[in-house]
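Got the model loaded and a selection box ready? Let's walk through a few side chains and look at who meets whom.

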Amino acid sequence: MSYRIMLMAVMLGAALYPFFSNHMPNQRQNAAAVIGSLLLGVLIVGHGEYADLRQGGPMQAGLLLLSFLFFSSAFLKRRRGKVKAEYMAYGPFAVGLLLSVLAGIPGTQEMHVMVATGQWVCLIMILKSYGSLPRITQYKAIYFATLYCLVSALYNSNQAHGFASDPFLLLATESFLGLLLVSSVVHMLFQDFSRNRTKRQWEEHTKVDPEVVRLAFRGRRVLKDFRHDLRQPLSTLGILASVGKAISKDPEVTARYQHIQTAQKALKNMLEEFFDQLSEAIRYPIEEKIAPLQHVKIDDLLTPLVEEYRMLALGKGLQIRYVPSQTEVLTNKEALTKILRNGLDNAIKYTERGGVVVGIRRRSAKVCLQIADTGSGIESDRVATHNKGWGHGSSMIRELSEQILAKTDCRNRYYNGKLAGSVFEVVLPGDTEMQRHQNPMNSKRSSLLEARVLALNSKSLQDAQGMLPTEGFDHVQFSLSGAYKAYLHALKHGMASVYILYAGTEEEAKEGEEQLKLLGSLLDFQPCCILIENRQDQVKRTVQFMREMIKIPCNPSPNEQGLVVLHELFPPRQSKPKNTDGQRTIRGVGDEQATPSLA
């Protein structure tokens with residue numbers, strides 16, 4: 001066995017490993033092209049040593065079929081076209097396989113040239129079924145298809161004439177084979193290198209799915225409209241209660257209007273808080289939320305709550321007592337309010353006579369809040385899903401308690417051996433314990449949401465720096481570059497989560513669309529691409545969510561408001577991790593300068 005055959009066998013084994021083990025489709029396809037080229041190389045370098053590899057033999061026909069099968073499979077499923085186009089590509093793929101069978105049949109030189117030409121046409125037809133492939137990818141595929149079919153045609157021509165009869169034809173065949181092997185192997189290795197480099201720090205970045213961005217964007221818009229419409233009836237209810245209380249001369253009626261006004265304010269605050277939480281829930285990218293802690297006076301929290309429920313208690317003939325306290329705790333006010341509201345609501349709801357007492361006790365460094373009632377108690381001295389309204393409330397309180405490191409308990413209380421009601425208790429940790437737990441939580445970094453803003457000329461770059469709202473990102477870089485420079489930057493420093501290309505003119509918008517498509521094809525880990533394009537002639541401008549990018553039409557003027565849509569796509573982040581370099585970089589042509597970081 002010659003050293004060339006051994007070299008081919010080693011390279012074939014090396015190419016089979018990424019083909020079967022690599023989970024990335026593009027890299028498997030690159031390995032398939034290498035395998036197809038190597039199988040064709042085995043036929044060329046082994047023609048003089050093995051009689052079975054001569055024209056007409058079953059092994060030669062089988063290797064020709066396998067060679068084209070592997071090589072042409074690299075053109076399939078590039079995921080840049082429509083689903084129908086992917087299925088249409090199997091037609092020319094099957095025809096090419098049939099032509100590879102014909103190539104193994106003895107025939108004239110002209111016949112083999114026609115067969116190789118037919119295979120080339122089949123490969124181009126597969127390529128043409130993907131209409132949205134970037135030009136560079138098309139040119140690269142045409143180059144490999146042409147080189148492969150040329151080597152195949154030269155090989156079969158040599159078989160028809162006899163390899164020894166034309167040394168020049170043999171030299172040309174082996175030379176083009178070497179070029180094909182070197183090109184395909186270098187391309188596969190470079191693709192593997194670029195994928196690994198662009199994946200650098202990708203796990204630390206926030207993954208941005210354009211489809212989820214679209215759903216979150218529309219959800220926030222619907223929520224915004226609903227929130228606006230709901231405020232009007234709530235305001236009307238508050239005005240009516242205020243007017244009724246002012247003109248009423250009956251103390252009892254005045255007290256009822258006061259209760260309505262108090263309930264209206266509580267409902268308004270609850271709804272505003274609910275809408276804020278819902279808006280945060282549909283925020284994308286999702287941030288790691290940590291309940292903010294602050295020092296709260298217990299009296300500032302309990303006095304409004306007790307007054308809110310006093311009218312409900314008096315309506316049932318119950319007394320509600322609370323002694324004001326100046327105790328201060330470190331907690332989350334909203335979460336603690338929800339917990340105590342649930343306790344007060346249940347205490348009054350399940351008490352028929354007697355009353356409710358709200359008290360505060362100190363236990364070492366901890367603060368204990370208690371809501372005691374004279375009701376029927378709870379079943380088996382534990383929280384039951386069918387008793388005291390503790391179904392959804394118990395799970396909600398458990399989650400809220402975990403956020404503020406509180407311990408909650410609900411148990412029966414007894415007097416002289418008889419059931420005297422129940423007590424709901426919330427035990428809050430001391431400031432030292434809260435701060436000790438707060439520091440590790442705050443030290444957790446959220447995923448880095450990084451944006452890279454591209455522009456095709458200096459004027460567009462300056463406009464982008466002055467106009468784009470970028471508070472929704474942890475780190476922003478402005479760069480005068482297109483797809484290739486952005487790709488090289490990704491190879492050197494790692495990918496960004498979002499790429500924004502600002503086009504100041506309609507001509508730039510067309511070029512920018514091609515640049516973002518190209519960038520998406522070069523980067524294996526598909527980022528979220530946004531094209532901001534000039535649309536001065538449009539009266540009504542809407543955001544378009546396309547497969548390759550999100551389009552934001554705008555009118556680049558000092559009073560432009562359309563770019564505020566970036567805030568809706570990526571709302572300002574409340575907690576931003578520190579940048580690795582602490583700077584937002586602005587790159588121009590041949591120069592580089594730094595501006596203060598946004599992080």
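Is Lys459 buried or exposed? Select the residue and show the surface: Lys459 is exposed, with 58% relative accessible area. Keep in mind throughout that this is a predicted model.

**Stop 1: along helix 15**

Stay on Lys459 and add Asp463. Their side chains meet in a salt bridge, 3.1 Å from N to O. Both residues sit in helix 15, four residues apart, or about one turn of the helix. The acid partner is less open to view by class: Asp463 counts as partly exposed at 21%.

**Stop 2: more charges**

With this pair included, the salt bridge count comes to eleven. For another one, select Arg411 and Asp409, whose side chains approach to 3.2 Å, N to O. Arg411 is partly exposed at 26% relative accessibility, and Asp409 is also partly exposed, at 34%. Now add Arg363 and Glu425 to the selection: together with Asp409 and Arg411 they are linked in a network of salt bridges.

Next, pick Glu352 and Lys316. This salt bridge has its closest N and O atoms 3.9 Å apart, which falls inside the 4 Å cut-off. Follow the backbone out from each end. Glu352 is in the loop between helix 12 (333-349) and strand 4 (355-363), while Lys316 is in the loop between helix 11 (298-315) and strand 2 (319-322), so the contact ties together parts that are 36 residues apart in sequence. On the surface, Glu352 is exposed at 60%, whereas Lys316 is partly exposed at 29%.

**Stop 3: the rings**

Hide the charges and show the aromatics. There are five aromatic pairs to find. Begin with Phe68 and Tyr148: their ring centres are 6.4 Å apart and the planes make an angle of 45 degrees, a tilted arrangement. Colour by secondary structure and you'll find Phe68 in helix 3 (residues 58-73) and Tyr148 in helix 7 (residues 135-161), so this pair ties together parts that are 80 residues apart in sequence. Both ends are inside: Phe68 is buried at 1% relative accessibility, and Tyr148 is buried at 3%.

Then jump to Phe473 and Phe570. Here the ring centres are 5.0 Å apart with the planes at 40 degrees, so this pair is tilted too. The contact links distant parts of the chain, 97 residues apart. Phe473 is in the loop between helix 15 (458-467) and strand 9 (475-480), and Phe570 is in the loop between helix 18 (565-569) and strand 14 (583-587). Phe473 and Phe570 are both buried.

Before leaving the rings, go back to Phe68 and Tyr148 and add Phe71 and Phe75. Ring pairs link these four residues into a cluster.

**Stop 4: the cysteines**

Last, select the cysteine sulfurs. How many disulfides does the structure hold? Zero. For one example, draw a distance from the sulfur of Cys149 to that of Cys122, its closest cysteine sulfur: 8.8 Å, too far for a bond. The cut-off for a disulfide is 2.5 Å. Cys149 is buried, with a relative accessible area of 4%. Select Cys368 as well, and you'll find another buried cysteine, with a relative accessible area of 0%.

Terms used. Residues numbered from 1 in each chain as written. Predicted model: local features only at pLDDT ≥ 70, side-chain atom pairs only at ≥ 80, totals over all residues. Heavy atoms only, no water. Buried < 20%, exposed > 50% of the residue type's maximum accessible area, 1.4 Å probe, protein only. Phe/Tyr/Trp six-rings, centres within 6.5 Å; stacked < 30°, edge-to-face > 60°. Helix = DSSP H or I, 4+ residues; strand = E, 2+ residues; numbered from the N terminus.
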